[in-house]
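Let's take a friendly walk through a protein model together. Have the sequence and the 3D view ready, and follow along as we go from the whole fold to single side chains.

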Amino acid sequence: MLSTNDSIRIRMRLTALFLAFIGVGIGIWLYFIQIVRHDELLEKARKQYTAVKKIRGKRGEIFDRNGNLLVSNEPCLTITCDPAIIANLDSPVQEDPKMSPEKRAEKQARARAKAEQNRRKTAYFISKQLDLDYREIYEKLNPYRKLRDRDGKVLYDAGGRERVDLNRYVVIARNVPLLKGRKIRELAKKNKINSLFFTDTYKRSYPKGKMLSNVLGLSKITADGREESPLGIERFYNQLMRSSDGKKIYERGRDGRQLNYGLHQETHERDGQNIYLTIDEVLQSILEEELDAAYAKYTPKALYAIIADPKTGEILAISQRPNFNPNEKLNSDDLRTRIASDPLEPGSIIKPFTVGRALDDGVVTEDTIIDCEHGNWFYMNKPLRDSHPYDKLTVAGVIQKSSNIGTAKIALMLGKDVVYDTFRKFGFGERTGLPLRPETRGLVPPPRRWDGLSITRFPIGYGITVSPVQMVRAYCALADNGNLRSLRLVDRIENPETGEVYRPEVPPPKQMFKNPDTCRKLVSMMTMVTEKGGTATRAKIDGYPVAGKTGTSRKVVNGHYAPGKYFGSFVGFVPADDPKFVMLVTMDEPKGAYYGGTVSAPVFRRVAEQALKYYNIPPRTEPENKTDNKTAGKTGKGVSR
């Protein structure tokens, strides 16, 4: 029989053995938790107390040549939501193993009811504060989301049920103004809605509204969060102007605030590069104002205007109608840079290039007499008419009166190969290289595709197509003594972080004429166009010599010349003896009048008068008395002037 002491010793040994087994079990459990499952559990824990905050960089901004802001970034907020927090699905659930199934079901039902109540409360709060549809927001706040493949198809498990995961991220609203966003954040905190998150970001802002809109383009964030730049400078320089986001990883407390200790990692954001255009905002404003007035008066289908510096190729102002306000909701039809993408038959504004080549090659002089057949000439049994019945004109008179017959006969003296070579040398049939996409090449068929009439039609601006920017580039060569330069729209590119400035390389100009006196003679003829007896007296500026050319061409619609539809153009430069700028104005289907000398030349004059004052260029001659211009620029039945 065991004594009392022996019994106590046995119980102590059994207890020790039991505790040893427990200790070994705890040790194995701790090894499994801390060693085997360490990475897995650490990741789960970090999800509970670690936050990742994106820091958005700023997209590059756009300025004019003088540093005036054209496109900027406006600070705002993006509001997102974590539906899993609403349903309390991100917190670990502690289940009592002794709880009966009935009690457990009752507890789960209460949790679901509370989650549903929170979901409705949050959806109502969001819809009220942001004026959004309640049902749409309610659907977005579903705590579970369907899993999909790369093609967007729903995934299913082995049992045929849809696979789901926690819905941790929903975008509620983008581009929320700062003051409004801060107010909503305070109200959310007051109403104990902790599932909303407010991220500092930027939205693209266009402070000048419609000004230069088709050239600047636009950049916007789509509904699925992608950055989209469909046209203009924004599209062409998208990669340079695009920013990169930074990231901040830190530990947070239960209230979501950042802790002053623990994990802290930060990757800095990078701002996009800034673009400085060759545009002069003052000149651009003058042009925009006059185009608005002309657009309202003649209500054309489209209206184009460009001002360029012939000595540098820099575009100083450029605009088109219709335009748009990039700060407002847009239609896809608005998103076109027609001034570079839309080809047109130029009409008589292309005549100086053929005549200039004939002068340069010595085929004619400015005093050579051309028989203009009393305004009606048959070539290959097809008539070619002038707007007035001219008999004999000098070559200078052919330019001044804009004779189709005279120009066609000069082209015949040159031959089709030389005429084609002239067009290509001046850049017709090739892109200008401006940062505008798409850009048309226009159409200048090679001589092997010309028919018998082409030699008489192409030199007067029919059967070929050009773009307004091509025509301005070619006229810059005439204004700069035959030097053909590349057009430039970007002056410099700046890295805002380093201050480093890059200026695009400017290729040297190409000389278009062999004879150094050719261009002077041609400009003298073009100056007669704006003087008494010319087709563009409405472009005349008191005290300044103006060189230019009118053009009126019929419009092709569905492969045929449409009755009553015309392009009316004027291209010129001033002062003619030392041009400060070249300007083109073209109207597409103007109403009430259509001759270039009537609809476009006055726009040139009004813009040029203000531009000359802006540049402080003194008059070359004493001002003349004002004359009645009501009938100036009108022509007869022809459409070539």
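A charge is said to sit over a ring if NZ of Lys or CZ of Arg is within 6 Å of the ring centre and within 35 degrees of the ring normal. Keep that rule in mind, and remember that what you see is a predicted model. Here is how the rule plays out: the charged end of K409 sits 5.3 Å from the centre of the W377 ring, over that ring. Likewise, R119 lies over the face of Y138, and its distance from the ring centre is 3.9 Å.

**The whole protein**

Now step back for a moment. The protein contains 20 helices and 25 strands. Of its 641 residues, 47% are buried. Among contacts with a separation of 6 or more, 72% are between residues 24 or more positions apart. The exposed area is about 33,300 Å², and carbon and sulfur atoms supply 50% of it.

**A helix with two sides**

Next, find helix α6, which spans residues 178–190. This helix has 13 residues and reaches 18 Å from its first C-alpha to its last, close to the 18 Å expected at 1.5 Å a residue. Which residues of α6 are buried? They are G181, I184 and A188. These residues lie on the same side of α6 because they cover an arc of only 60° around the axis. Their packing partners are β3 (69–81), α4 (101–130), β6 (170–177) and β7 (196–205). Turn the helix around, and the face pointing away from the buried side shows the exposed residues L179, K183, E186, K189 and K190. After α6 comes K192, whose phi is positive, near 60°.

**Aromatic rings that meet**

A pair of aromatic rings is described by the distance of the centres and the angle of the planes. A search of the whole structure turns up 15 aromatic pairs. Two of them, both involving F353, are set out here.

| Pair | Centre to centre | Angle between planes | Arrangement |
|---|---|---|---|
| F353 and F426 | 4.7 Å | 55° | tilted |
| F353 and Y475 | 5.4 Å | 90° | edge-to-face |

The pair of F353 and F426 links distant parts of the chain, 73 residues apart. F353 is in helix α12 (residues 351–360), while F426 is in the loop between α15 (416–425) and α16 (454–457). Are these two rings buried or exposed? Buried means under 20% relative accessible area. F353 has 1% relative accessibility, so this residue counts as buried. F426 counts as buried too, because its relative accessibility is 3%.

What about the partner in the second row? Y475 lies in helix α17 (residues 468–479) and F353 in helix α12, so their pair ties together parts that are 122 residues apart in sequence. Both F353 and Y475 are buried. Look around these rings and you will find one aromatic cluster, formed by F353, F423, F426, F428, Y475 and F513.

**A buried alanine**

Finally, visit A608, which sits in helix α20 (residues 601–614). With a relative accessible area of 0%, A608 is buried. Which residues touch A608, if we leave aside its neighbours within four places in sequence? The contacts are I541, V574, F581 and M583. Take V574 as an example: A608 and V574 are 34 residues apart in sequence, and their C-alpha atoms are 7.8 Å apart in space.

How values were computed. Residues are numbered from 1 along each chain as its sequence is written. This is a predicted model: local features need pLDDT of at least 70, side-chain atom pairs count only at pLDDT 80 or more; totals for chains, interfaces and linings use all residues. Side-chain values use heavy atoms; hydrogens and water are left out. Helices (H or I, at least four residues) and strands (E, at least two) are DSSP runs, numbered from the N terminus. The expected span of a helix is 1.5 Å times one less than its number of residues. Buried means under 20% relative accessible area, exposed over 50%, partly exposed in between (1.4 Å probe, protein chains only). The arc is that of the directions from the helix axis to the C-beta atoms. Contact means heavy atoms within 4.5 Å. Rings of Phe, Tyr and Trp (its six-membered ring) pair if their centres lie within 6.5 Å; planes under 30 degrees apart count as stacked, over 60 as edge-to-face and the rest as tilted. Accessible areas come from the Shrake-Rupley method with a 1.4 Å probe; for residues, only the protein chains shown count as cover.
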